[in-house]
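Visitor: I would like to learn how to read a model with more than one chain. Could you walk me through it?

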Amino acid sequence: MEKVVNDFSIIVGTKNGSGSSTANNTILRAIFKMGIPVSGKNLFPSNIQGLPTWYSIRANKDGFVARSEEQEIVIAMNPDSFARDLASVAPGGAFYYADDIKQPITRADIAVYPMPVKQIVRGDPNIPSDFRDLVGNMVYVGALAQMIGIDLETIHAALVFHFKGKQKPIDMNFNTIKAAAEWAKTNLEKQDPFYLEPLNKTEGLIMADGNTSAALGSIFGGLQFAAWYPITPASSLAEALNEYLPTLRPRADGKHTYAVVQAEDELAAIGMAIGAGWSGLRAMTSTSGPGLSLMSEYAGLAYYAEVPVVIWDVQRIGPSTGLPTRTSQGDLTFANFIGHGDSESVILLPGGVDECFEFGWRAFDVAEQVQTPVFVLSDLDMGMNQWMSKPFEYPNTPMQRGKVLWEKDLEELKGNWGRYLDKDGDGVTYRTVPGNKHPMSAYFTRGTGHDENARYTEDSAMWLKNMARLKKKHETARKYVPAPVLYTRPDAKVGVIGFGSTEAAILEAVHQLDAEDGIQADFLRVRAIPFTQEVTDFIDNYDQIFVVEMNRDGQMKQILSAEYPEKAGNFKSVAHGDGLPAAAKWVRAGILAKYTSPAKSNGKAKSKAGPAAAGTTPAKKAAKKVSGAKMKTMKSVRKTSATK
Amino acid sequence: MTQPLPMAGTPANVNLAGLAKNDYRGNPSTLCQGCGHNSISNQIISAMYEMNIVPENVVKFSGIGCSSKSPTYFLSRAFGFNGLHGRMPSLATGALFGDHTLKGLGVSGDGDTASIGMGQFKHVIRRNVNMVYIVENNGVYGLTKGQFSATAEKGLSLKHQGSNQYMPVDICMEALASNATFIARSFAGNPKQVKEILKAAMAHKGIAVLDIISPCVTFNNQDNAYHSYSWGKDHEEPLHDISYIAPRSEIILEEELKAGEVREVDMHDGSVIVLKNLEKDYNPTDRFEAIRVLAEAQANNWLATGLIYIETDKPSLTDMHNLVDTPLNRLAEADLRPVREMIDKINALMF
C-alpha cells in the first residue's frame with residue numbers, strides 16, 4: 001500500500017455539547033504546529049446538547065485547505081450518527097469508533113479501528129467520574145496521533161495553549177492521550193495509507209477565527225463604542241472585544257476609552273451605534289442576518305442622515321430556525337440595498353482572517369471618510385472556525401477621521417459652514433459633533449428633507465439636489481474601499497469572480513480546472529462594493545465570467561449585472577448554498593456545467609496585452625497602479641498558490 | 001468659549017451664562033394652536049434660561065410623532081437628532097457616550113413611547129442614561145389624524161375610531177417598574193409646575209422620566225377625555241408645590257421650615273428640590289408610596305401630579321462605564337490605537 005502523506009481529510013462525529021471541541025482543536029493545532037497546512041471546520045446543529053455534530057479537518061501539503069467533500073478518515077463517537085459516519089468513509093479510508101457503540105460494521109473496503117474509550121478513561125484514577133465523558137474525547141486524539149503520526153509534543157503544546165497553561169486539565173487530558181496512543185501502538189495494526197509528516201509550510205503563519213480577528217482589528221482601528229445583541233454566529237465578535245479591550249487599551253488610571261453595551265435587541269444595538277457614530281465615536285455593531293433585518297430601518301436612516309457606523313454581518317442561513325448555525329453568503333443583496341427608499345451601501349468583503357483584522361480597522365476609516373454605514377460581510381465559516389493565515393499587520397496608515405470641524409475650525413470659518421454643503425465637490429460634506437461648544441456648531445439631524453444648512457424643508461428641488469449628492473458620495477466611496485485580489489494563470493481565457501470565505505475552494509477548483517480539465521481561469525476576489533476600477537478592467541477581459549457564491553440566487557452576479565448591464569450576458573452564476581463551507585468540488589462542477597469552450601462560443605476571449613503570468617494583464621496593471629495610490633495600500637496581486 | 005460674567009451694566013435680560021432668552025428658542029412651532037406640546041416647549045426654554053444652562057451642553061433627541069417634532073422649537077443652539085419611531089432611547093444611549101459631560105433631553109409621545117418604543121423606554125430606564133425623557137402624553141396619534149394610543153383610557157370614544165376597549169398604559173407605573181431614578185407627572189395646563197419639574201429633572205443625574213399630560217386640541221380634547229385640558233384642570237391633584245432651588249442659592253424662607261410642611265431633596269449637584277406639602281405629606285423617596293399613589297390615582301380618577309419618585313445616588317450609564325475624563329469624541333489616535341509592539345504580542349497569541 002502506497003503511503004498517502006499530508007493530503008487527506010478527517011471528520012469526527014460526536015454529540016453536540018460533549019466537549020469534543022477541545023479534542024478537535026487540539027488535533028488541528030498539532031497538525032498546524034507540524035508545519036502542515038490545515039483547516040478545521042465545525043459543522044454543528046442549532047442545539048446546546050445532544051444532536052449529532054461534526055468537525056472536519058483537512059491537511060494538505062499544497063495548501064488547499066477548503067473543506068473537502070471526501071473524508072478519508074472518519075471518527076465515530078456518536079451512536080446516533082454511527083451508520084451515517086460509517087457510510088461516509090471514502091473507499092480505502094479508515095474508520096475509528098468508540099467500541100461501546102455496538103452497531104454492525106457494514107463495510108469491507110476500509111480499515112476499521114475500534115477504540116476502548118471507556119476502558120481507557122476508567123483506567124486513570126485521577127479522572128473524576130464527571131469528567132470521564134469530556135476526557136473520553138482525548139482517546140481518539142491519542143489513537144489518531146499514534147496511527148497517522150501526530151507528534152505528541154505538538155499535541156502537548158496545543159493543550160498548553162488551549163488551557164492557558166493550567167497544569168491540572170493539561171495533565172489530565174494529556175495522560176489520556178498518551179494512554180490511548182500507547183494502547184493503539186500495542187493493539188492496532190495499521191491498515192490504511194494515511195500519514196502525516198512534518199513540513200515547514202506554516203512557519204510564520206497564525207491560526208485564528210474571523211470574529212476574534214475582526215474584534216482585534218476594530219480595536220486597532222480605535223474602536224470607541226460597540227453595541228450588540230447575542231446571535232450565532234456573531235456573538236463571539238463582541239465577546240472578543242470584551243476580552244481584548246482591557247489588555248490592548250490599558251490606562252494608568254484604570255479608566256476606559258471605550259464602551260461595549262449589550263443591547264436589548266438589534267433594533268437598539270444599531271440605534272446606539274448610530275447615536276455614537278453621530279456623536280463622533282468610532283462605533284460598530286455586529287450581527288447576523290436576522291439582526292440585520294431588524295437593523296435595516298436605522299441603517300437606512302443613517303444613509304440619509306450620513307452617519308458613520310460599522311456593521312459586521314457574520315452571515316448564516318436564515319431566517320428563523322432551521323439552519324441558523326450553517327454558513328452562507330445570502331445577505332449580500334439585502335445589505336447592498338438595505339433601507340427603504342433609494343439607497344446603496346458600502347460593503348467590505350474580507351476573504352480571510354487577516355482581512356477580518358484589516359477591515360476591522362479600515363472599515364472605520366471608510367465610514368468616517370464617506371460618512372455612511374459600512375457593512376462588513378463575513379460568514380459563519382470565517383467567523384467561527386480557526387483559519388490559517390498570514391499574521392495580522394499593524395495599520396499602515398494613521399486613522400482617517402474624515403471631515404469633522406471643531407471649535408477652532410469654526411472660528412476660522414467664522415461659523416460659516418453648512419452640514420450638507422458640498423464644499424469639496426466630492427459629495428462628502430463637513431460635520432460637527434455634540435460637545436462642540438462653538439455657538440454655530442449645532443445642527444438638527446433628520447433623515448430626509450433638509451437643506452444644505454440642515455434646516456427642515458420639503459422642497460422638491462432641494463431633495464433632488466441632495467439625492468444627487470448622495471449618489472456622488474457613493475462614487476467617492478470607490479476610492480476609499482479596498483481593491484480586489486487577482487490570481488492569474490498563463491493563457492487564461494475565462495474569469496472567475498468570488499468573494500469572502502470561498503477563496504480557498506475557488507483556488508483549488510481553478511487549479512483542478514487547469515490540471516485536469518484544460519481550462520485556464522483568472523480569479524478575481526472582489527473585496528468591496530462599490531466596485532473599483534480593477535473590477536471593471538477584469539470584467540472587460542473575458543467573455544465568460546463565472547461568479548461563485550454561497551447562495552441560491554447568485555446575488556453577486558445580480559449586483560454585477562446591474563452595475564455592468566452591457567456585460568450581463570457574460571456572467572455565469574455558480575451559486576451553491578447548502579450551509580456547508582465552500583468546497584472545490586461544487587465550484588469546479590458548477591463552472592464545468594456552464595463553461596462554453598472557445599470553439600463553440602460566439603466570440604473569442606479578448607486578446608490580452610501579453611502573457612498573464614508576466615503580470616501584464618490590464619486588470620493587474622490597474623490593480624498595481626491603484627495600489628500605489630494614497631488610500632490603496634493593499635496588495636492587489638498574489639501568487640496562485642494558496643500558501644507560500 | 002468664555003462666557004461673559006454678569007456685572008454692573010449687564011442687560012437685565014441676560015442670565016448668568018450671558019445668554020438672552022432668545023438664545024434658547026428654536027424655530028416657530030408648526031403644531032396646532034393650543035397644543036399642549038407648545039406649552040411644554042415654552043417651559044423648556046424658560047427652565048433652561050433660568051438655570052443658566054449653556055445650550056451646547058444639551059443634546060436633543062426625539063422619535064416620531066407630533067411631540068417628536070418639537071425639539072426644533074427650542075434650543076436651536078443644541079445638537080439634535082430626530083430618530084426613528086420608538087427608538088429615540090437607543091440613539092440617545094449611544095450618542096451620550098460621545099461626550100459624557102452633556103445632558104440628554106429627549107422628547108417623545110405616548111404613541112412613540114408606549115407602543116413600538118416600550119422596549120427601548122424600559123431599557124433606557126434600567127441603564128439610567130443621563131437624560132430627561134419627556135413623554136408628551138395626549139392619548140392619541142396626532143400626525144396620523146386621531147387614532148387611539150396605548151395610553152388612551154378604556155371607553156374613550158374618538159371620531160372614526162369607535163370606543164377604546166383596552167386598558168391604558170400608565171407611563172409612570174412602567175417607569176417605576178423599570179427602576180427609574182426620577183419619575184414625575186405633570187400637566188401642560190400647569191406650566192409653573194412643568195417648569196419646576198423640568199429644572200429638577202435637568203439637575204438629576206441619570207434618567208428622569210416626565211409623563212406630562214399634554215392635550216391634543218384637535219383630536220382628543222373632549223371635556224370627559226382623560227387627556228383634555230378641562231378634565232386635567234378639574235381632576236389635577238398636585239402631591240406638593242414643587243420648586244427647584246439652584247446650587248448655592250439662598251433658598252428656604254423661614255416660615256417654610258416648619259417641620260412636616262416642607263420636604264427637601266438634595267441633588268448631586270448641590271441643588272435642592274423643595275416640596276411643600278399640600279393636603280398630605282408625600283415622600284417621593286419611598287417606592288411603595290409611589291406605587292400606592294399611582295394606583296390610587298388610577299382607581300379614583302385623579303390626575304396626581306408632582307415628583308412621584310426620586311433616587312439621587314445611583315450611577316448613570318456613563319458612570320458605570322468608568323470613562324476617561326476627556327470626552328471620548330475628543331480622544332486622539334494616541335489614546336485609541338494600541339502601539340505597534342502590541343501587534344506582535346497579539347500574533348503570538350494566535351495559534
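Guide: We will go through the sheet, the chain contacts and the cores of this predicted model.

Visitor: In what order do the nine strands of the open sheet run?

Guide: Read a sheet from edge to edge. Here the order is β17(A)-β2(B)-β1(B)-β3(B)-β4(B)-β10(B)-β9(B)-β15(B)-β11(B), with mixed pairing. The edge strands, β17 of chain A (444-445) and β11 of chain B (236-238), each pair on one side only.

Visitor: How many bridges join β17(A) to β2(B)?

Guide: Two, and these strands run parallel. Within the pair, B:Gly80 of β2(B) has A:Phe444 opposite. Further along the sheet, β4 and β10 of chain B are also parallel, joined by six bridges; B:Asn137 is partnered there with B:Ile213 in β10(B).

Visitor: Which elements of chain B give two or more residues to the side that touches chain A?

Guide: They are β2, α3, α5, α11 and α12 of chain B, and α3(B) provides the largest share, six residues. Overall, 57 residues of chain A are in contact with 46 of chain B. The chain B side comprises 23 nonpolar, 15 polar and eight charged residues.

Visitor: And which helix gives the largest share of the largest nonpolar core?

Guide: The general idea is that nonpolar side chains tend to be buried together in soluble globular proteins. In this model, the largest nonpolar core has 284 residues, and those touching the most other members include A:Ile31, A:Phe95 and B:Leu210. Helix α4 of chain A (132-148) gives the largest share, 11 residues. Apart from this core lies another, of 13 residues, including B:Leu31 and B:Cys35.

Terms used: Residues are numbered from 1 along each chain as its sequence is written. Chains are lettered from A and ligands numbered from 1 in the order in which they are written. This is a predicted model: local features need pLDDT of at least 70, side-chain atom pairs count only at pLDDT 80 or more; totals for chains, interfaces and linings use all residues. Two strands pair if DSSP finds at least two bridges between them. Helices (H or I, at least four residues) and strands (E, at least two) are DSSP runs, numbered from the N terminus. A nonpolar core is a set of buried Ala, Val, Leu, Ile, Met, Phe, Trp, Tyr and Cys residues joined through C-beta atoms within 7 Å. A residue is buried if 20 or more other C-beta atoms lie within 10 Å of its own, exposed if 12 or fewer, and partly exposed in between; C-beta atoms are placed from the backbone. Two residues are in contact if their C-beta atoms, placed from the backbone, lie within 7 Å. Ala, Val, Leu, Ile, Met, Phe, Trp, Tyr, Cys and Pro count as nonpolar, Asp, Glu, Lys and Arg as charged, and the others, Gly among them, as polar.
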